[in-house]
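Subject: Structure handover and findings

Hello,

Here is the structure I promised you. Please open it next to this message and follow along.

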Amino acid sequence: IAIHQEGKVVFVNPSACRTMGASNPEDLIGLPVLELVHPDFHGIVRKRLEVLQRGEGVPFIEEKMLRLDGTSVDVEGQAMPFTYEDQPAVQVVMRDISARKRAEKLQRALYRIAEISASVQDMPGFYASVHQIVSELMNARNFYLALEDEAGGGLTFQYFVDEVDPEP
């Protein structure tokens, strides 16, 4: 939960502190709200603020916030106008949905790999496609697929991409 008045944070609970990467509420109090919103969502948040100024609530939406260290966090939030310390204010209830967003992204990647595997024409092309999909999830500039020879203990590389080292 966070509360803001006149575009600045005036209250945050301990959960909001953790979500935003603050060690205590004072780290966030006084900051402009838009400073905590990912730039890609500034337009949406400005429109929501206009609705809130008219005294209307806004539904839950997914957006990205910026932690104090500059990293982004996926949140789902809802805001309602109310009175705080006898002044108009906005109460924001948000929850961190980063784990859910990562799980959804991983599920989509696995589905794409399964789709490609069902129609594979050539293994090198398939491996390159898997490499591309994995690269969308994490840093995978160096990527290897290998088979282990159980008897001899050696590896046979089926796919090998490395920025520095040649294929062994």
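Below is what I found, element by element.

Confidence comes first. This is a predicted model. The mean pLDDT of the protein is 93, and 100% of the residues reach at least 70. Among the elements, strand 2 (residues 8–12) has the highest mean pLDDT, at 98. Helix 2 (residues 42–53) has the lowest, at 90.

Now the five-stranded sheet. This sheet is open, and its strands come in the order 2-1-5-4-3. The pairing is antiparallel. Strand 2 and strand 3 (58–66) are the edges, each pairing on one side only. On average, neighbouring strands of this sheet are turned by 35° against each other, direction ignored.

Look next at strand 4 (residues 72–84) and strand 5 (residues 87–96). Ten bridges link them in the antiparallel sense. One of the partnerships is Thr-83 with Pro-88 of strand 5.

Two helices pack on this sheet. Helix 2 touches strand 1 (2–5), strand 3, strand 4 and strand 5. The direction of helix 2 makes about 140° with that of strand 3. Helix 3 touches strand 3, strand 4 and strand 5. The direction of helix 3 makes about 140° with that of strand 4.

Helix 3 (residues 98–118) also packs with helix 4 (residues 123–137). Their axes lie 10 Å apart, at an angle of about 170°. Angles over 145 degrees count as roughly antiparallel, so helix 3 and helix 4 are roughly antiparallel to each other. On the helix 3 side, the contact includes Leu-106, Ala-109, Ile-113 and Ile-116. On the helix 4 side, Phe-126, Val-130, Ile-133 and Leu-137 are among the residues met.

The chain then reaches a hairpin made by strand 6 and strand 7, with six residues between them. Strand 6 (residues 143–148) and strand 7 (residues 155–161) run antiparallel and are joined by six bridges. Leu-147 has Thr-156 in strand 7 as its bridge partner. In the turn, Gly-153 has a positive phi of about 80°.

Two loop residues deserve a look for their backbone angles. Most residues other than glycine have a negative phi. Glu-6 has a positive one, near 50°. Glu-6 sits in the loop between strand 1 and strand 2. Its relative accessibility is 80%, so Glu-6 counts as exposed. Glu-85 also has a positive phi near 50°. Glu-85 lies in the loop between strand 4 and strand 5. With a relative accessible area of 61%, Glu-85 is exposed.

Last, the aromatics. Rings pair if their centres lie within 6.5 Å, and the count comes to seven aromatic pairs. One of them is Phe-157 with Phe-160: the ring centres are 5.3 Å apart and the planes stand at 85°, so this pair is edge-to-face. Are these two residues buried or exposed? Phe-157 is partly exposed, with a relative accessible area of 22%. Phe-160 counts as buried, at 19%. The cut-off for buried is under 20%. Separately, Phe-126, Tyr-127, Phe-143 and Tyr-159 form one aromatic cluster.

Best wishes

Conventions. Residues numbered from 1 in each chain as written. Predicted model: local features only at pLDDT ≥ 70, side-chain atom pairs only at ≥ 80, totals over all residues. Heavy atoms only, no water. Phe/Tyr/Trp six-rings, centres within 6.5 Å; stacked < 30°, edge-to-face > 60°. Buried < 20%, exposed > 50% of the residue type's maximum accessible area, 1.4 Å probe, protein only. Pairing = 2+ DSSP bridges. Helix = DSSP H or I, 4+ residues; strand = E, 2+ residues; numbered from the N terminus. pLDDT = per-residue confidence, 0-100. Axes fitted to C-alpha atoms, helices over the stretch in contact; angles between N-to-C directions. Parallel < 35°, antiparallel > 145°, perpendicular 65-115°, else oblique. Contact = heavy atoms within 4.5 Å.
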